[in-house]
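Welcome! Keep a viewer open and try each exercise yourself before you read the solution under it.

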Number of protein chains: 2
Amino acid sequence: MPAPSPTSRELVVLGTASQAPTRQRNHNGYLLRWDAEGLLFDPGEGTQRQMLLAGVASSAITRICVTHFHGDHCLGLPGVLQRLSLDQVAHPVGVWYPAGGQEFFDRLRRCALYNDTADIRPHPVPLGGLVDPGPEPFTLLAARLDHRTETLGWRIEEPDGRRMLPDRLAAAGVTGPDVGRLQREGSLITADGREVTLAAVSEPRRGQVFAFVMDTRLCDAAFALAEGADLVVCESTFLERDADLAAAYGHLTAAQAARIAAEAGARRLVLTHFSQRYPDESDFSAEAGEIFPDVVVARDLIRVPVPPRTG
Amino acid sequence: MPAPSPTSRELVVLGTASQAPTRQRNHNGYLLRWDAEGLLFDPGEGTQRQMLLAGVASSAITRICVTHFHGDHCLGLPGVLQRLSLDQVAHPVGVWYPAGGQEFFDRLRRCALYNDTADIRPHPVPLGGLVDPGPEPFTLLAARLDHRTETLGWRIEEPDGRRMLPDRLAAAGVTGPDVGRLQREGSLITADGREVTLAAVSEPRRGQVFAFVMDTRLCDAAFALAEGADLVVCESTFLERDADLAAAYGHLTAAQAARIAAEAGARRLVLTHFSQRYPDESDFSAEAGEIFPDVVVARDLIRVPVPPRTG
């Protein structure tokens, strides 16, 4: 896997259209860079090329999560899987998806002839809940959303940890490899015989949380996924003036997405998956902004940082 | 079907990359407008959106021809088929493809969940030859090429006909609906009792021919497909300096494509399906131009007219 970079928690937006792409918006596609991991969500048709345009190598992908098997959320999967083989990516790539869509996953995986050498590990998810407890650096959770077909939202939870305090480490005389040992073992005896505990030279550090919520009507699972998240990507196919259409087709309005972020105590909201019927994206930020302050209306190829940790 | 327009024989180039797309080149995709018909060849991933960028509605598609089931020639098929349903296209759309790829066609057709309402008519082609004798305005033929998997090139042949000569029609006193009747029936008796034959008021008109040749090594079928064609679209993945790679991977060089066009007596050659290893497309026109004069190096979204009929 690629080495982690200190500033590498960000969302790379690959596509932002809903059912029909537009001149400005490709079908869905979102790469979350999370230290050494790269999680690709909902690769719609054209994701392979959008990655090229965004400067994302296929080797950056470590996991793929699919919410459901409508075409705008999965037709880019064959191209991505085939590209992993073509590029001889050596690390395993897990793919998580609703178990009810197994037949579609199987077809997508083998819908063209290629030299299938990549280490692809399918993970059909039957019920939601904790789907991957690790290994570190996070747990992956899923929750059933309320759409027209079996659909899962995704949540990444980094465990709470401790932030080392350099001045206290220096005062305690803990340096070099001893810092790592102290983190792993919780305490150590220094060369001059003093015991130093982890608690004495560090402070609690809250783990970060990312949530991916689409496609869905307003439902409890959407709030649960977004609970306390640092960054929430949420579909807002419609505006509130078309709330009846949103309900009929199993989608959210910008105001509903903002309500989820606000009531869940999230920190930053990225709106996406826009219906082509709305020419002016500022309508989305205006509608959501009245309810939740930190709103980003996604455009193709933008990058949205995960907000820095809070104290 | 859409009404024919008098200037509607042209190739709309949707994508021109080979295995890997580039910033400038999407995967394959070619729409041949032929009067009231629209034949989509080798829809690679992203074809649906390239059609939007090229101003081609899904309703313009009347037939789809796939040469083979490598991903760069077919991963756009699901999006196109699903779009035909979404757009409620009412006319039937036939899909012709090598019979050996039936399993891939079946998976591509049902690899995502959608409301499949379009009238899609699969035509697996086992051996090549005449695959659709009509109805007018053309016959569709296939020939086995020499690639790494079962691959068919395509040829459209318009039957020879007759061009009506307005001055002779006027001199013979044939006007209005009688012109059509004369064309259908071969002769008629005018109001003043004279017999007029079709031969007397028209001249022979040679039917037009279009050929689509990819992916292949140099082989007899490639020449046969291009025989006397007005417009030939031919892959030229490589330049002659990499002729060994071309042979190894089952592809053509620009010089070989030009040889096909020249020896087959074709009129215009469109080169496409370029390896990303070549940054300068003028190398392709230079290499082919030494062998065949009317060469177009395809770029995404260009339109190439079928050359006007010759006398």
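Four exercises with worked solutions follow, and they all use a predicted model.

**Exercise 1. Relating the two chains**

Work out which rotation and shift superpose chain B on chain A, and why the copies can be said to meet through the same surface.

*Solution.* Start with the general picture: two copies of a chain are related by a rotation about an axis and a shift along it. Here, chain B lands on chain A after a rotation of 180 degrees with 0.1 Å of shift along the axis, and the RMSD is 0.1 Å. That is the relation of a two-fold axis. Next, turn to the interface: 100% of the interface residues of chain B are interface residues in chain A too, so the copies meet through the same surface.

**Exercise 2. Dividing chain A**

Find the domains of chain A and the separation of their centres.

*Solution.* First, list the bounds. Domain 1 of chain A covers 9-160 + 206-301, and domain 2 covers 162-203. Then take the centres over C-alpha atoms: those of domain 1 and domain 2 of chain A lie 40 Å apart.

**Exercise 3. Building up the sheet in chain B**

Put the strands of the open sheet in order, then place the helices H8 and H9 of chain B.

*Solution.* Step one is the order: seven strands of chain B run S7-S8-S9-S14-S15-S16-S17, with mixed pairing. At the edges are strand S7 (129-132) and strand S17 (295-297) of chain B, each pairing on one side only. From one strand to the next, the twist averages 20 degrees.

Step two looks inside the sheet. Strand S9 (residues 152-157) and strand S14 (residues 209-213) of chain B are antiparallel and pair over four bridges. Within this pair, B:Ile156 sits opposite B:Phe210 of S14(B).

Step three adds the helices. Helix H8 (residues 254-263) of chain B packs on the sheet and touches strand S15 (231-235) and strand S16 (268-272) of chain B; the direction of H8 makes about 155 degrees with that of S16(B). Helix H9 (residues 282-289) of chain B lies across S16 and S17 of chain B, at about 165 degrees to S17(B).

**Exercise 4. One residue up close**

Decide whether A:Ser8 counts as buried or exposed, and find its contacts beyond the neighbours within four places in sequence.

*Solution.* Locate the residue first: A:Ser8 is in the segment before strand S1 (9-15) of chain A. Its relative accessibility is 8%, so A:Ser8 counts as buried, the cut-off being under 20%. Leaving sequence neighbours within four places aside, A:Ser8 contacts A:Arg33, A:Trp34 and A:Asp35. Finally, A:Asp294 is 286 residues away along the chain, and its C-alpha atom is 20 Å from that of A:Ser8.

Definitions and conventions
Residues are numbered from 1 along each chain as its sequence is written. Chains are lettered from A and ligands numbered from 1 in the order in which they are written. This is a predicted model: local features need pLDDT of at least 70, side-chain atom pairs count only at pLDDT 80 or more; totals for chains, interfaces and linings use all residues. Side-chain values use heavy atoms; hydrogens and water are left out. Domain bounds come from an automatic or database domain assignment. Two strands pair if DSSP finds at least two bridges between them. Helices (H or I, at least four residues) and strands (E, at least two) are DSSP runs, numbered from the N terminus. Axes are lines fitted to C-alpha atoms, for helices over the stretch in contact, and angles run from 0 to 180 degrees between N-to-C directions. Contact means heavy atoms within 4.5 Å. Copies are superposed by least squares on the C-alpha atoms of residues with pLDDT of at least 70 in both. Buried means under 20% relative accessible area, exposed over 50%, partly exposed in between (1.4 Å probe, protein chains only).
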